[in-house]
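Me: Please take a close look at one serine in the model shown below and at what surrounds it. I should then like the account to go on to the covalent links, the enclosed space and some loop residues.

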Amino acid sequence: QLQLVESGGGSVQPGGSLRLSCAFSGFTSDLYAVAWFRQAPGKEREGVSCISASSDSSHYDDSVKDRFTISRDSAKNTVYLQMNSLKPEDTAVYYCKADPTPAGSRWCTLENRDRNLTVWGRGTLVTVSS
């Protein structure tokens with residue numbers, strides 16, 4: 001059974017950086033498209049970034065474009081979200097989501113819809129304030 005564990009959240013000042021980690025256990029992360037979502041109080045969950053199982057394709061929400069970078073370290077079975085130039089509006093609980101895909105798939109999505117085999121982590125809190 002796949003389990004996802006997020007880490008790396010914390011409190012940072014505007015303009016600062018954080019690196020979130022999504023660690024896979026049970027299965028190799030290379031068999032999954034992975035996405036980072038976030039949810040702020042009073043707001044719906046929104047897709048932030050995703051990376052395909054092949055790691056050849058990635059997408060970013062316009063709100064984080066040019067500031068965040070998603071990557072995968074297959075040897076460590078971990079997907080990362082490097083967050084730079086953080087803004088107060090980035091404050092949210094960040095969740096890692098995994099969807100199994102065919103080997104080498106270039107697909108990933110930021111669509112806010114679970115599939116039958118979607119697996120979620122429990123989240124890590126990011127707070128950006130002065």
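Reply: S21 counts as buried, because its relative accessibility is 16%; the class buried covers values under 20% relative accessible area, exposed those over 50%, and partly exposed those in between, with a 1.4 Å probe and protein chains only. The structure is a predicted model, in which local features need pLDDT of at least 70 and side-chain atom pairs count only at pLDDT 80 or more, while totals for chains, interfaces and linings use all residues. Residues are numbered from 1 along each chain as its sequence is written, and side-chain values use heavy atoms, with hydrogens and water left out.

S21 belongs to strand β3; strands (E, at least two residues) and helices (H or I, at least four) are DSSP runs, numbered from the N terminus. Apart from its neighbours within four places in sequence, S21 is in contact (heavy atoms within 4.5 Å) with V5, E6, S7, W36, T78, V79 and Y80.

W36 also appears in the surroundings of a second serine, S49. S49 is found in strand β5, which spans residues 46-51. Its relative accessible area is 0%, so S49 is buried. With neighbours within four places in sequence set aside, the contacts of S49 are V34, A35, W36, H59, Y60, I70, L81 and L110. For H59, a polar distance can be given as well: a polar atom of the S49 side chain lies 3.1 Å from the backbone oxygen of H59.

The covalent links come next. The structure holds two disulfides, a disulfide being a pair of cysteine sulfur atoms within 2.5 Å. In one of the two, C22 and C96 are joined, with their sulfur atoms 2.0 Å apart. This pair ties together distant parts of the chain, as C22 is in strand β3 (residues 18-25) and C96 in strand β9 (residues 92-100), with their positions 74 residues apart in sequence. The disulfide of C22 and C96 is left-handed because the torsion about its S-S bond is about -80°. C22 and C96 are both buried.

The other link joins C50 and C108, whose sulfur atoms are 2.1 Å apart. Here too distant parts of the chain are connected: C50 is in strand β5 and C108 in the loop between β9 and β10 (119-120), 58 residues apart. The S-S torsion of C50 and C108 is 60°, and the link is right-handed. C50 and C108 are likewise buried. When bonded cysteines are counted along the chain, the disulfides follow the pattern 1-3, 2-4.

Which residues line the largest cavity? The lining consists of A33, V34, A35, C50, K97, D99, W107, C108 and T109, and thus includes both cysteines of the right-handed link. A cavity is a set of points on a 1 Å grid over the protein atoms alone where a 1.4 Å probe fits but cannot get out, and lining residues have an atom within 4 Å of a point. The search of the whole structure finds one cavity of 30 Å³ or more, and the largest has a volume of about 30 Å³; the volume is the space filled by probe spheres set on the points, which are joined across faces, edges and corners. β4 (32-39) and β9 are the elements that give two or more residues to this lining, and β4 gives the most, with three residues. By class, the lining divides into six nonpolar residues, one polar and two charged; Ala, Val, Leu, Ile, Met, Phe, Trp, Tyr, Cys and Pro count as nonpolar, Asp, Glu, Lys and Arg as charged, and the others, Gly among them, as polar.

Some loop residues complete the account. D66, in the loop between β6 (58-60) and β7 (68-73), has a phi near 75°, which is positive although the residue is not glycine. D66 is exposed, its relative accessible area being 70%. S85, in the loop between β8 (78-83) and β9, also has a positive phi in a residue other than glycine, near 50°. S85 counts as partly exposed, with 40% relative accessibility.

Q13 is placed in the loop between β2 (10-12) and β3. Its relative accessibility is 54%, so Q13 counts as exposed. Beyond its neighbours within four places in sequence, Q13 is in contact with V128 and S129. From Q13 to R115 the C-alpha to C-alpha distance is 36 Å, and the two are 102 residues apart in sequence.

Notes:
Polar contact = N/O pair within 3.5 Å; in protein donor to acceptor, adjacent residues only side chain to side chain. 1 Å grid on protein atoms, 1.4 Å probe; cavity = no way out; pocket = protein on both sides within 12 Å on 5 of 7 lines; lining within 4 Å.
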